[in-house]
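Visitor: Could you take me through one part of this model in detail, namely the sheet with the helix that packs on it and the metal site nearby in your account?

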Amino acid sequence: MQNITLLGATGSIGISTLDVIARHPDRYRIHALTAHTKVVELAGLCARFRPDVAVVGTAAAAQELSALLKSDGVSTEVSYGEAALCAVASGAGCDTVMAAIVGAAGLAPTLAAARAGKKILLANKEALVMSGQLFMDAIAASGAILLPIDSEHNAIFQCLPQPYQRNLDHHGIARIVLTASGGPFLDRAVETLDLVTPDEAVAHPNWVMGRKISVDSATMMNKGLEVIEAHWLFGATHDRIEVVIHPQSVIHSMVSYLDGSVLAQLGNPDMRTPIAHALAYPERISSGVAPLDLTQLAKLEFRQPDLLRFPCLKLAYDALATGGSAPAVLNAANEVAVEAFLDGRIGFRQIDQLIDRVMHAASFEAVADIAGLLDQDRHARQLANSFLTS
Ligand code: NAD
Ligand code: MG
């Protein structure tokens, strides 16, 4: 029996994870569920999955959750705040942590799980983009197991030899090819992009996801973050990570070997496949995903990404090439920009413009520890916010 802490239980990945777990009650037990503000939803999940602990964002939310659980006769212990998130991610009650909080807020508990040597199913790409080497060092020091949930990285993992040594040359790999759907604005006239609304931006053609990652998909910053994520997960330099637009989202990514072989992982675009893969690894379990019917697919297309349409992709490649704190600064500026866009404070094209301004104004330093990293993150957010109000 695997005991699971699910960080971000009320989100898109959280709900898909619970869907897979509910299909295999003989294998998985929920130790802890966490949510930031959706207290009523979390109470419902506690009634259904009966975790030992539930964690929310604030004391007021914790009080509300306790009252709801009491009236439902659910004995789950309730706590709140970052220290509580870290405790359920690193404590003896769990073996496996699904890291599915969105954004930098997920860094502390995901890192706590890494330091505690847990099996980590990583959806929260921002945590790895921010902390890079520090995170990988924590994994190596504790012997934690890191399995990617992002569909592209999960696909690559499945196409790599195991055990993989985080070195392309060692395994005769030429490059890693990340596929990208291109999002909702792949074919929209570029000059009209600044008029798009948040609702249009989050209407992804193939995937149903949270709002932040949906906007990231529309700007292709999501793919940029994934290039950085692939660098850390697979030990690939930026010049050996390629992005190809594949609007059907059936090939989830590929590994290209020196002998000309290209291994790909295919499937319907449904996150329950990578979630089930990582939960059961190295075994295989059913996920509830419909089998892929290749005869129903009229065609599979591939195109080069247009960096004028998607400047965020270039900004991310540049940040990876720069190194040091540049990816963390990029991530912080992007989080500020996406929030401002979703709140209607800036237009769609101002997302990349704001990030570009921050990347030009910031200084990038090597980060020796998490405190230094959080300083850089804070400073980048201040800079981005100052540009927003100037
Ligand atoms: P979501 O917005 O649907 O859910 C986010 C979850 O994080 C919620 O449970 C929310 O309560 C919690 N949360 C938000 N802010 C928090 C805070 N400050 N403190 C603690 N908890 C907080 O997001 P999602 O689409 O499920 O994405 C989650 C992560 O997975 C992201 O990093 C995203 O990039 C990654 N991811 C998602 C998908 C997908 O299909 N949705 C695919 C690949 C990767
Ligand atoms: Mg992805």
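Guide: What follows goes from the sheet to the helix and then to the metal site. This is a predicted model, in which local features need pLDDT of at least 70 and side-chain atom pairs count only at pLDDT 80 or more, while totals for chains, interfaces and linings use all residues. Residues are numbered from 1 along each chain as its sequence is written, chains are lettered from A and ligands numbered from 1 in the order in which they are written, and side-chain values use heavy atoms, with hydrogens and water left out.

The open sheet has four strands in the order E9-E8-E10-E11, with mixed pairing; strands are DSSP runs of E with at least two residues, helices runs of H or I with at least four, both numbered from the N terminus, and two strands pair if DSSP finds at least two bridges between them. Strands E9 (241–245) and E11 (262–266) are at the edges with a single partner strand each, so one side of each is left without a neighbour in the sheet. Strand E10 (residues 251–257) pairs with E11 in the antiparallel sense over five bridges, and Ser 256 stands opposite Val 262 in E11.

Helix H7 (residues 151–159) packs on this sheet, touching strand E8 (173–180), E10 and E11, where contact means heavy atoms within 4.5 Å.

The magnesium ion (ligand 2) has as protein donors Asp 150 (OD), Glu 152 (OE) and Glu 226 (OE), lying 2.1 to 2.2 Å from it; donors are N, O and S atoms within 2.8 Å of the metal (3.2 Å for Na, K and Ca), and water is not among the atoms, so sites may look incomplete. Glu 152 in helix H7 and Glu 226 in helix H10 (residues 221–234) are 74 residues apart, and both are buried, meaning under 20% relative accessible area with a 1.4 Å probe and protein chains only.

Conventions: Axes fitted to C-alpha atoms, helices over the stretch in contact; angles between N-to-C directions. Buried < 20%, exposed > 50% of the residue type's maximum accessible area, 1.4 Å probe, protein only.
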